[in-house]
Amino acid sequence: MALSRAGSRGGSAMMLLYRIRQAGLSGGVNNATKSSVLLRSSSQQFCRFSSKAKHSGGWGSLIVSKLRLVNEKYERFLERNFPAFYLLYSTFFRGLRLLLQDGSEVRRIKVKMARQGLSKEQLPYRDMETLRQFRRDIIKALPVALVSIPPFANYLVFVLMYFFPRQVLIRHFWTPKQQVEFQQVYHCQRARLYPRLVNDLTRTAPKVSDRDLQSQLLQLCNKVQGGAHPGISEIQALRRLFAGPPLGMKRLQVEHMRCLSSLFFLTSRLPAALIRRRLWSHSVELLQLDRALSMLGLHQLSEPELRSACYLRGLNSTCLSTTQCREWLYQWLQLSTRLKDSEASLLLHSMVLLSMNYLSRS
């Protein structure tokens with residue numbers, strides 16, 4: 001027992017000395033004096049803590065508190081002397097902490113579903129959104145994790161993470177500035193497809209056998225192409241077209257489906273049957289999210305949650321006020337909560353119709 005205690009004290013001391021030595025080496029020759037002073041003061045404090053621990057027996061808590069103190073000093077040292085590296089360092093560990101929190105939350109939700117016999121669509125909105133986002137994060141992070149398995153391959157991963165953070169890292173490992181910047185980049189990629197999708201709807205109009213519906217579709221497309229924002233009633237009047245031919249999910253042309261896939265940032269270079277299946281899955285999931293959000297109430301959402309919900313549904317929320325985001329999302333829910341699963345194609349097209357001219361609405 002005494003031997004194990006001695007080993008514990010020795011191991012803790014070695015860890016402490018290693019962290020302080022690293023701080024000194026990071027600063028180079030000019031910081032050697034600072035590191036030595038830090039080493040002496042920390043060693044004295046560690047000895048005082050050790051003498052107290054002999055009487056109190058609280059070795060574990062004292063060692064943890066001491067290591068936390070040294071770590072805080074190390075972080076302040078980095079922030080003061082290497083601010084650029086400190087930003088990467090703090091962002092990485094913050095992201096790791098958030099990812100672990102998400103994993104713990106997902107585990108809690110899964111246990112709850114198993115115990116209560118719940119399906120995914122019966123979950124509250126926040127639980128449903130957590131599962132959706134965590135799945136996307138894991139899918140994006142998995143290739144990087146696999147690449148880093150071979151010996152020394154992790155150094156290549158660090159290089160990729162530094163030079164290609166948008167492509168390689170998930171949202172938790174982005175700085176606040178990168179989050180805004182990358183969201184703008186992704187939305188611009190998506191918004192470039194909006195005019196093309198509206199043009200496809202215009203070219204589809206002659207295939208509509210019902211003359212009234214054909215006329216309403218053309219009027220809606222012309223209004224959007226003219227820069228006006230359509231009303232919810234104008235879109236709802238076309239529900240029949242998006243449940244069957246020619247715009248139902250099972251009747252869409254392959255190239256049109258590829259464009260719709262890009263709205264969800266899905267891989268579009270896949271066989272038509274797989275693209276259709278993935279579009280159907282994502283559109284039904286979005287319908288279920290909307291129903292859960294309607295039950296929760298928009299007033300329950302925080303501002304980040306509100307902006308994230310608008311962004312998921314096709315709107316660039318970074319340039320809008322909170323009131324505008326809430327107003328737009330209210331309009332969206334007015335439409336989506338009245339749709340059936342068989343009308344999911346209309347929901348996908350509404351991402352374009354309701355987002356394209358919202359800022360210039362009449």
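At roughly what angle do the axes of helix α4 and α5 cross? In this predicted model, the axes of α4 (residues 83-116) and α5 come within 10 Å and cross at roughly 125°. Angles of 65 to 115 degrees count as roughly perpendicular and those over 145 as roughly antiparallel, and α4 and α5 are therefore oblique to each other. The crossing in which α4 passes α5 is left-handed.

The residues that meet at this crossing can be listed from each side. From α4 come L99, D102, G103, E105, V106, R108, I109, K110, K112 and M113, and they meet D127, T130, L131 and F134 of α5. Sorted by class, this contact has six nonpolar, two polar and six charged residues.

A second pair of helices is α13 and α16. The axes of α13 and α16 (residues 344-353) come within 9 Å and cross at roughly 80°. That angle makes α13 roughly perpendicular to α16. On the α13 side the contact is made by L279, W280, S283, L286, L287 and D290, and on the α16 side by A344, L347 and L348. Seven residues of the contact of α13 with α16 are nonpolar, one is polar and one is charged.

Both α5 and α13 return in the lining of enclosed space. Over the whole structure, a search finds two cavities of 30 Å³ or more. The largest cavity holds about 80 Å³ of space. Its lining consists of R132, R135, R136, F264, H282, E285, L286, L289 and L312. Two helices, α5 (125-147) and α13 (272-296), each supply at least two residues of this lining. The largest share, four residues, comes from α13. One residue of the cavity lining, L286, also takes part in the contact of α13 with α16. By class, the lining of the largest cavity divides into four nonpolar, one polar and four charged residues.

The open spaces come next. About 1,800 Å³ of space lies in the largest pocket. It is lined by 46 residues, and those nearest its centre are R132, Q133, D137, R171 and S308. Two or more residues of this lining are given by each of α4, α5, α7 (165-168), α8 (176-191), α13 and α14 (303-312). Which element gives the largest share of the lining of the largest pocket? That element is α5, with 12 residues. The lining of the largest pocket has 17 nonpolar, 13 polar and 16 charged residues. R132 appears here among the residues nearest the centre of the pocket, and R132 is also one of the residues that line the largest cavity.

The second largest pocket contains about 510 Å³ of space. Of the 15 residues that line this pocket, F85, L88, Y89, F92 and M161 are the closest to its centre. The elements that give two or more residues to its lining are α4 and α6 (153-163). Here α4 supplies the largest share, six residues. How many charged residues does the lining of the second largest pocket have? There are no charged residues in this lining, which has 12 nonpolar and three polar residues.

Taken by helix, α4 meets α5 at the oblique crossing and gives the largest share of the lining of the second largest pocket. Helix α5 gives the largest share of the lining of the largest pocket, and α13 gives the largest share of the lining of the largest cavity.

Key. Residues are numbered from 1 along each chain as its sequence is written. This is a predicted model: local features need pLDDT of at least 70, side-chain atom pairs count only at pLDDT 80 or more; totals for chains, interfaces and linings use all residues. Side-chain values use heavy atoms; hydrogens and water are left out. On a 1 Å grid over the protein atoms alone, a cavity is a set of points where a 1.4 Å probe fits but cannot get out, and a pocket is an open set with protein on both sides within 12 Å along at least five of seven lines; lining residues have an atom within 4 Å of a point. Grid points are joined across faces, edges and corners, and a volume is the space filled by probe spheres set on the points. Ala, Val, Leu, Ile, Met, Phe, Trp, Tyr, Cys and Pro count as nonpolar, Asp, Glu, Lys and Arg as charged, and the others, Gly among them, as polar. Axes are lines fitted to C-alpha atoms, for helices over the stretch in contact, and angles run from 0 to 180 degrees between N-to-C directions. Angles under 35 degrees count as roughly parallel, over 145 as roughly antiparallel, 65 to 115 as roughly perpendicular and the rest as oblique. A crossing is left-handed if the near helix is turned anticlockwise from the far one by less than a right angle, and right-handed if clockwise. Contact means heavy atoms within 4.5 Å.
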